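Dear colleague,

Please find below the structure that I am handing over to you, together with its sequence. My notes on what was found in it follow directly after.

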Protein chains: 2
Amino acid sequence: MNNLACRIGYFLCCLLVTTISIADDGYRLWLKYDPLTDRAIVKHYQSSITSILVDGNSETIDVIKRELAMATSGLLQSKIPFINRIEKNGTLVIGNINASSIASLQFDRSLLQKSEEAYLIKNMIVKGKRCIVITSRSDRGVLYGVFYFIRLLQTQQRIDGRDVVNSPAIANRILNHWDNLDRTVERGYAGFSLWDWHRLPAYVDQRYHDYARANSSIGINGTVLTNVNANAQVLTPFYLEKVKALADVFRPYGIKVYLTARFSAPMEIGGLSTADPSEKNVQQWWNDKVKEIYRHVPDFGGFLVKANSEGQPGPQNYKRTHADGANMLADALAPFGGIVMWRAFVYDNEVPVDRTKQAYNEFKPLDGLFRKNVIVQVKNGPLDFQPREPFHPLFGAMEKTPLMMEFQLTQEYLGFATHLAFLSPMWEECLKSKTFAHDKPSTVAEIISDESRQYQSTAIAGVANIGNDRNWCGHPFAQSNWYAFGRLAWDPFSNSSQIADEWARMTFSNDQNTIQNIKSMMLPSRELVVSYMTPLGLHHLMGWNHHYGPAPWIKDKPRVDWTSVYYHRADSMGIGFNRTSTGSNALEQYQQPVRDLYESLDKCPDELLLWFHHVSWNHKMTSGRTLWEEMCYKYQAGVIGVNNMKTLWDKTRAQVDEERYNAVKQLLEIQYQEAVWWRDACLLYFQTFSKKPMYGDFKPAHTLEYYQQLEFPFAPGIKPKW
Amino acid sequence: MNNLACRIGYFLCCLLVTTISIADDGYRLWLKYDPLTDRAIVKHYQSSITSILVDGNSETIDVIKRELAMATSGLLQSKIPFINRIEKNGTLVIGNINASSIASLQFDRSLLQKSEEAYLIKNMIVKGKRCIVITSRSDRGVLYGVFYFIRLLQTQQRIDGRDVVNSPAIANRILNHWDNLDRTVERGYAGFSLWDWHRLPAYVDQRYHDYARANSSIGINGTVLTNVNANAQVLTPFYLEKVKALADVFRPYGIKVYLTARFSAPMEIGGLSTADPSEKNVQQWWNDKVKEIYRHVPDFGGFLVKANSEGQPGPQNYKRTHADGANMLADALAPFGGIVMWRAFVYDNEVPVDRTKQAYNEFKPLDGLFRKNVIVQVKNGPLDFQPREPFHPLFGAMEKTPLMMEFQLTQEYLGFATHLAFLSPMWEECLKSKTFAHDKPSTVAEIISDESRQYQSTAIAGVANIGNDRNWCGHPFAQSNWYAFGRLAWDPFSNSSQIADEWARMTFSNDQNTIQNIKSMMLPSRELVVSYMTPLGLHHLMGWNHHYGPAPWIKDKPRVDWTSVYYHRADSMGIGFNRTSTGSNALEQYQQPVRDLYESLDKCPDELLLWFHHVSWNHKMTSGRTLWEEMCYKYQAGVIGVNNMKTLWDKTRAQVDEERYNAVKQLLEIQYQEAVWWRDACLLYFQTFSKKPMYGDFKPAHTLEYYQQLEFPFAPGIKPKW
């Protein structure tokens, strides 16, 4: 009888689950909590988790209870009771170290010393019962522990005898939204801004809660709501009320709100005649404004500032330095514990010999001049989020200034939300780069997580790829970049394969073959984009302004460093930007032995060759092919690789719901067509310089002129003109 | 044993259903198919529907099968088999009249004569078995019948012995999307455009299918994809490929695609030096362009055109008439069966004495001059989608020209997607207005559904309120306007109470009390908006350009008819626009006895008083109050009514899922606050003319100056400037 009941119950479950899975629109991200399919592990969980005791009283504790109820009822399909006293084996005991249920327990509290956010998961006997304790110094640390524990369930790992101590290597893990107040998103490809400013503060969309849940589940603890190309309006009381409403939603999830500060705000909304940071009334205006912000948002995180870059106002308008500007804001924020994140992505109106040198040239001399609560935000590479760049030389250069990393999740230069490109390996490549700063190998990861010197704090930023699309990120696989950013921000020493594995299990299926196929798609995907867009160290060949599609022929624009020809420098002799000592000597900004490695035509790795060298078309590569042949080979390899992704995806069909299966299938087909477009357009164009026949088994479908005349006036993500 | 199994199964269902209902984001609209709760009716259905035979072979037939499978498995929680032979009582027999299972049956085929889309649902004995037959002359008619049948189940009505014949009173039932190619939506308040032009044609979002399903379920059979303020780019091959992809999705659902034609397209994308409709090369260009469109979309519906209005180009640029322009396009479309919908919403650069007169003045003289496949699209009222207008005088004026109705679903002037305003009663009011055209009472509904004269076709348009918000329309209740438009377009003689009942049952609950409460909110809601925004025939007092919030003080704008003072004409004597014979005499455009009714200060109904008359502040109203007192009373009544909606909504809490309950609760609170704002700002302003004390129990929270200085630079839905 029980057996039949079970079978019928199971059938109904399957029926409904199937119904749900047919309609999976991706909204639930990696927090799906669909029933687990491995019956043995479910049994193990059911005996290991018989009741849940959550001790404490805060909004964060409420979040923990809700999340655990959702996760257990969904994953295990049983309602596990929340209790107040430990009476059974298999009780989850959850609370911060001061909660009465935890305070009396014996365990090494120094394990949690490193951070308020560190958590401990420990199998213990409590009141004579086998329990699993999840604790931390703070409720938000407990929440991180709970999400870690739920992840164990989602990925079907055993939970007995598995003690865990975990603390973040970087203190501030922040998303940067390039969202405008009109809800357009600069470089946004997943619809429009999440923030419905018009209906805030009184209408609080459920989506804000789910956004916070998702971030919290991967350890992101800050969000900059507005575009670095800032509008001062967001600092007016009208908008601060709205910002407060968002901050109130995010707070229980451990997430602080930050804003972008437009440097000229004192003039635009303050009625002053100057924004000169040395003027008393300007300083006073910012002091008052900051006080006003903290009245709305008591745990306000601080400002992100883009100044004197791409037309944005800044201290240089008044012959002051970046340090002068940053310090003025830092002084206003310091009494409240706020920080200034000052972007090093600068270039002024004088076009330099080599744009990649400018950040170093401007910021290196300022080393040591910034306030303690200023942190300089540096992009991973010296140019601008290209598919491949060397690490930014500033990471090896600043002795006395904390630096934070700026990664870009939104795929401005990697195929928008149409191309599958798992970016974790790109970020890992950067984080593992050896800078040789401080006379040690010092990887970038070590630099940005370094708390050993007098730096007040550490930080990492990711330019968000999140919009109001039903699936948040436009491409189902783009969610993996949000996920990976959070995981790497927490632990910049972790590896991409592990991250991909977790994400794929939670997002698609625990089926071993499916995981294997999906990982085989994800892990090489960024390298494929490099191959079919900008192989061998080429960079910035994308369409002008919108950056969509290939356009290596771009020239004659208002600035020479806004053209493609400036970067590839192809001529009848060869191709590439000579940044060695015989060229722009950008290499002098790197420490030894990095400098020598890249300076040498022979030792410079293939993947950065044309970044640093102008190389003859006939140059023999390590493969034995000439440079021209190697370029053809690489472009074609990228195309073949995308085709391979299509084959791998087809194999997942049985394990993936219809909606997402079809979405990815269609997107991969577009990616394939666009990879072919990139290959053909770029090689036809470069062929006009190399004068050599195509190498390899492919033939462009159109003439170069065809590709050159294509126009995309409404490509998404462009700066709006209103 | 069975009993226990049942109970467990039932429990599991409830559990999952609960989980689903907690997370109801409104995406499923009125097609939710959650399990029915009335056990008796479910038993009735289960015995009446034991198997389903769908006979036919087309994409539409596939749609029918999918929809029935979803609906029955969801609503009845049982998998009803699809079969090929009738073997049991309770078989649904579905197919068009030529399908072999239907062709042999005895029934009166003349019932389906009126329209290809008419359907018949008939209880019959077929092959000795009790069957329910759903048939039509076309597969899309069958689909409408199936959706009707599903609606019976959703609303828990008995299906035995209930024969139905149903045919649409209007042939073309069309949504107008004011969507731009950059995905902004003019007057859109539900996010941004559904059409992801960038990733079309290769990426076909699931949402397009669900959009088509929703439309088809309520009988909408056409969609204009692009804004009437048109961009010629959509007519280029690059975009026509994308249009084709959408048309291919919509076709199986019986939905035709239309485009807006920018009159100057021959110059902008055709390289011609003129767009003069009398020029041969211009005519040829359009002929060729139309051929090209039909190569992409063989069932293309035709063009919607806004010409010589608000700066749009048109035939008058070349001293040609609207008829000349429309006929040129009509001639190009005629060979393919396409139509031209030419908008009568015109006003030229010369500001007229009374803008409401212009459409009549320009179009009345053209009566009889249009080609047969031209239909003139007229807004419900003579101004511009105000909360209340009299019906448009053109509906009583054109003897030889078919007119189509243009309603506005998107709440440009009725509180955006923030205010709950069920618009069906407003449309019903217009449709039931007696025009006295053709020397008969002739209601507007009769005029637009009149096929008795030589009109080739009839049509109705609704300006869509649909965007990429998760719940499609921004406000959960705004979905009811999409629903009601479809239902009224099919049957303009139906009534709002019945429509509200259906919608509320399918969208929220079949619980009788809940339905009653929800209907009590919906049915008076539009009248409340009239009361707190523009009572007694006032109009166009909204904020300039964005139309958000009260701004009766607007003056000194580029055009006098873009100001509020032009419309309300308040002075020390009184208020209102004199459109009688002593004023602009707009009334002369109406037939008798309408004209006399409105001309008389005594007989003119209160609700249109200030539309037609300039009335003394001391004028005694039928209520016994003076005009000024009545205005105060009305504004306050609106506020009180919104408060009452809040109370009614609170009562639904137990029957409505948490997410939508909270969303509506928050939105009602905003609506209440904004109703107060409207009341206070308008009355304070009008008080400066009336010089009388406030009447009633309320006190404005701020000064008039406070309200006047409010600014909303990023209010949604404004025309973008890029």
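K691(A) counts as exposed because its relative accessibility is 68%, above the 50% cut-off for that class. Please note that this, like everything below, comes from a predicted model. K691(A) is found in the loop of chain A between α21 (658-690) and α22 (704-709). Its backbone deserves a remark: phi of K691(A) is near 55°, a positive value in a residue other than glycine. Q77(A) also has a positive phi, of about 55°, although it is not a glycine. The place of Q77(A) is in the loop between α3 (59-75) and β2 (91-94) of chain A. As background, most residues other than glycine have a negative phi, and most peptide bonds are trans.

Two cis peptide bonds may be noted alongside these. In chain A, the bond from L200(A) to P201(A) is cis, with omega near 0°; P201(A) is placed in the loop between β6 (172-176) and α6 (206-217). In chain B, the bond from Q592(B) to P593(B) is cis, again with omega near 0°, and P593(B) lies in the loop between β14 (574-575) and α18 (594-599).

Turning to the layout of chain A, the domain assignment gives domain 1 (2-166), domain 2 (172-507) and domain 3 (530-577 + 614-708). The centres of domain 1 and domain 3 of chain A, taken over C-alpha atoms, are separated by 47 Å. Two UniProt annotations, both from an unreviewed entry, can be set beside this assignment. According to UniProt, the feature "domain: Alpha glucuronidase N-terminal" covers residues 29-148 of chain A. Over residues 29-148 the chain is 34% helix and 20% strand, and the end C-alpha atoms are 16 Å apart. UniProt also places the feature "domain: Glycosyl hydrolase family 67 C-terminal" at residues 473-694 of chain A. The span 473-694 is 53% helix and 2% strand, with its end C-alpha atoms 37 Å apart.

One residue of chain A that I should like to point out is W490(A), placed in helix α14 (residues 479-490). W490(A) has a relative accessible area of 5% and is therefore buried. The C-alpha atoms of W490(A) and D331(A) are separated by 28 Å, the two residues being 159 apart along the chain.

What of the charged side chains, and how many salt bridges does a search of the whole structure find? Over all chains, the search finds 94. In chain A, the side chains of E116(A) and R137(A) meet in one of 3.9 Å, N to O. E116(A) lies in the loop between α4 (100-103) and β3 (119-126), and R137(A) in the loop between β4 (129-136) and α5 (139-154), so this pair ties together parts that are 21 residues apart in sequence. Both partners are partly exposed: E116(A) has a relative accessible area of 37%, and R137(A) one of 31%. Chain A also holds a network of salt bridges that links D24(A), R28(A), K32(A), D34(A), D657(A) and R660(A).

In chain B, D34(B) and K32(B) meet through their side chains in a salt bridge (3.9 Å, N to O). K32(B) counts as buried, at 11% relative accessibility. A further salt bridge joins E429(B) and R526(B), whose closest N and O atoms are 2.8 Å apart. This pair links distant parts of the chain, with E429(B) in helix α12 (residues 424-431) and R526(B) in helix α16 (residues 512-533), 97 residues apart. E429(B) is partly exposed, with a relative accessible area of 32%, whereas R526(B) counts as buried at 2% relative accessibility.

Finally, there is the enclosed space. The structure holds 18 cavities of 30 Å³ or more, and the largest cavity has a volume of about 310 Å³. Which residues lie nearest the centre of the largest cavity? They are R183(A), G188(B), F192(B), P716(B) and G717(B), among the 23 residues that line it. By character, the lining of the largest cavity divides into 12 nonpolar, six polar and five charged residues.

Yours sincerely

How values were computed: Residues numbered from 1 in each chain as written. Chains lettered and ligands numbered in written order. Predicted model: local features only at pLDDT ≥ 70, side-chain atom pairs only at ≥ 80, totals over all residues. Heavy atoms only, no water. 1 Å grid on protein atoms, 1.4 Å probe; cavity = no way out; pocket = protein on both sides within 12 Å on 5 of 7 lines; lining within 4 Å. Points joined across faces, edges and corners; volume = space filled by probe spheres on them. Nonpolar A, V, L, I, M, F, W, Y, C, P; charged D, E, K, R; others polar. Domains from an automatic or database assignment. Helix = DSSP H or I, 4+ residues; strand = E, 2+ residues; numbered from the N terminus. Buried < 20%, exposed > 50% of the residue type's maximum accessible area, 1.4 Å probe, protein only. UniProt positions renumbered as here; feature names shortened; annotations may be inferred. Salt bridge = Lys/Arg side-chain N within 4 Å of Asp/Glu carboxyl O.
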